[in-house]
Amino acid sequence: MTHIVILGAGRVGGAMARDLAPDFKVTVADRSEAALARMGEAGIATRPADLAAASAVKAAVADADIVVGAVPGFMGFATARAVLEAGKPLVDISFFDEDCFELDALAQRQNLTAIVDCGVAPGCGNLILGDLSRQWDRIHAFECLVGGLPVVRTWPYEYKAGFSPIDVIEEYTRPARYVKDGRTVTLPALSEPELLDFDGLGTLESFNTDGLRSIIRTFPQVPDMKEKTLRYPGHIEKMRILRETGFFGKSPIPVGSGEVVPLDLATALLFPLWQMGEGDEDFTVMRVTVEGEKAGQRMRKEWNLLDRYDRPTKTTSMARTTGYTCTAAVRLLARGGYRRKGISPPEFVGQEQGAWDFIREELAKRGVVFVEA
């Protein structure tokens with residue numbers, strides 16, 4: 001039986017482990033005893049490992065056939081490199097800041113497939129873009145709007161983090177790139193707010209984040225591309241106040257007789273408020289719009305997703321949408337449905353005939369349904 005080793009036993013890593021366990025041999029590695037205990041209670045094999053160390057990563061994946069990366073973004077690049085150095089294929093959701101193609105030569109040299117950024121966003125939007133680029137003659141515009149939010153809006157932030165909270169702050173501080181008239185434009189994160197209406201939800205606000213990632217490089221022929229994050233109205237301004245005041249700074253500042261790293265203080269105060277509690281319900285909303293041309297005719301497609309917390313399994317929507325996209329890609333890789341060697345962002349996977357259909361069907365089986373408009 002194919003052995004899948006999942007690096008990271010957090011909310012999303014745990015959901016992926018439970019999803020894969022009926023069909024594969026699954027082992028989850030993490031340094032958190034509490035997280036591993038939850039996996040053990042679900043009947044899933046565990047492996048204690050400090051994944052911040054490359055040697056520990058290599059030891060953890062030594063007997064794996066496929067590795068799934070589900071560590072926080074700041075650890076993701078080094079973890080992916082260690083997995084590839086260990087000679088293992090990888091499907092990763094860690095959303096690391098570094099250029100994924102810096103690992104391409106290593107993956108090619110090892111004759112390995114490494115699918116990165118394989119969650120809901122980045123992930124599904126890239127898959128759709130890749131699939132349509134295979135079918136159409138030209139792509140003129142791509143837009144992805146996406147957000148994960150709590151059902152209950154609680155003052156002051158009206159937000160709960162469905163994935164690693166430190167990665168949320170990275171979204172609010174990392175400069176945001178998009179493409180306009182064939183030129184890459186860089187603006188601060190949280191910029192260009194817009195109010196948008198969504199059926200069944202009402203009004204949300206959108207803002208720039210650095211969500212395009214690899215497609216800026218892989219689709220240079222597309223003149224207009226943008227991805228924006230969605231939150232409840234008012235959230236942007238609160239985050240901008242914190243950021244511009246310096247609370248997300250990473251350099252120590254003098255306080256009293258000592259020093260404090262502002263980000264450490266901010267996370268200590270914010271994360272308890274952003275933590276998803278037992279039974280807290282969330283939803284994920286996504287709208288992907290692609291415009292192009294085929295055989296001289298203008299083409300336009302829109303895909304919409306509205307996914308909600310799953311009460312029977314107590315699985316958050318963000319864990320479902322992110323995790324099940326990744327596990328679908330694992331299944332695709334395990335059955336030989338994708339064989340390209342080297343680094344593969346999801347748009348490369350989408351260019352494989354039938355790949356997006358397979359992943360979309362796997363998501364639908366789990367109640368994560370994309371509706372084509």
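## Strand E7 and its neighbours

Strand E7 pairs with strand E12 (residues 224–231) in the parallel sense, and six bridges connect the two. One place to look in this predicted model is Ala 141, which stands opposite Asp 224 in E12.

E7 also has an antiparallel partner: twelve bridges join E7 to strand E15 (residues 282–294). Here you can find Gly 147, whose bridge partner in E15 is Val 285. How many of the 13 residues of E7 are buried? Eleven are, so E7 (residues 138–150) is largely enclosed by the rest of the structure.

## Aromatic rings that meet

The structure holds ten aromatic pairs. One of them is made by Phe 77 and Phe 96, which meet edge-to-face, with 5.6 Å from centre to centre and 80° between the planes. Phe 77 belongs to helix H4 (residues 73–85), while Phe 96 sits in the loop between strand E5 (90–92) and helix H5 (104–109), so this pair ties together parts that are 19 residues apart in sequence.

Are these two rings' residues buried or exposed? Phe 77 is buried, with a relative accessible area of 9%, and Phe 96 is buried too, at 1%.

Elsewhere, look for one aromatic cluster formed by Tyr 157, Tyr 159, Tyr 172, Phe 207, Phe 271 and Trp 274.

## Arginines over rings

Rings can also be found with an arginine over the face. Arg 213 lies over the face of Phe 95, at 4.1 Å from the ring centre. Arg 340 lies over the face of Phe 348, and its distance from the ring centre is 4.0 Å.

Methods
Residues are numbered from 1 along each chain as its sequence is written. This is a predicted model: local features need pLDDT of at least 70, side-chain atom pairs count only at pLDDT 80 or more; totals for chains, interfaces and linings use all residues. Side-chain values use heavy atoms; hydrogens and water are left out. Rings of Phe, Tyr and Trp (its six-membered ring) pair if their centres lie within 6.5 Å; planes under 30 degrees apart count as stacked, over 60 as edge-to-face and the rest as tilted. Helices (H or I, at least four residues) and strands (E, at least two) are DSSP runs, numbered from the N terminus. Buried means under 20% relative accessible area, exposed over 50%, partly exposed in between (1.4 Å probe, protein chains only). A charge sits over a ring if NZ of Lys or CZ of Arg is within 6 Å of the ring centre and within 35 degrees of the ring normal. Two strands pair if DSSP finds at least two bridges between them.
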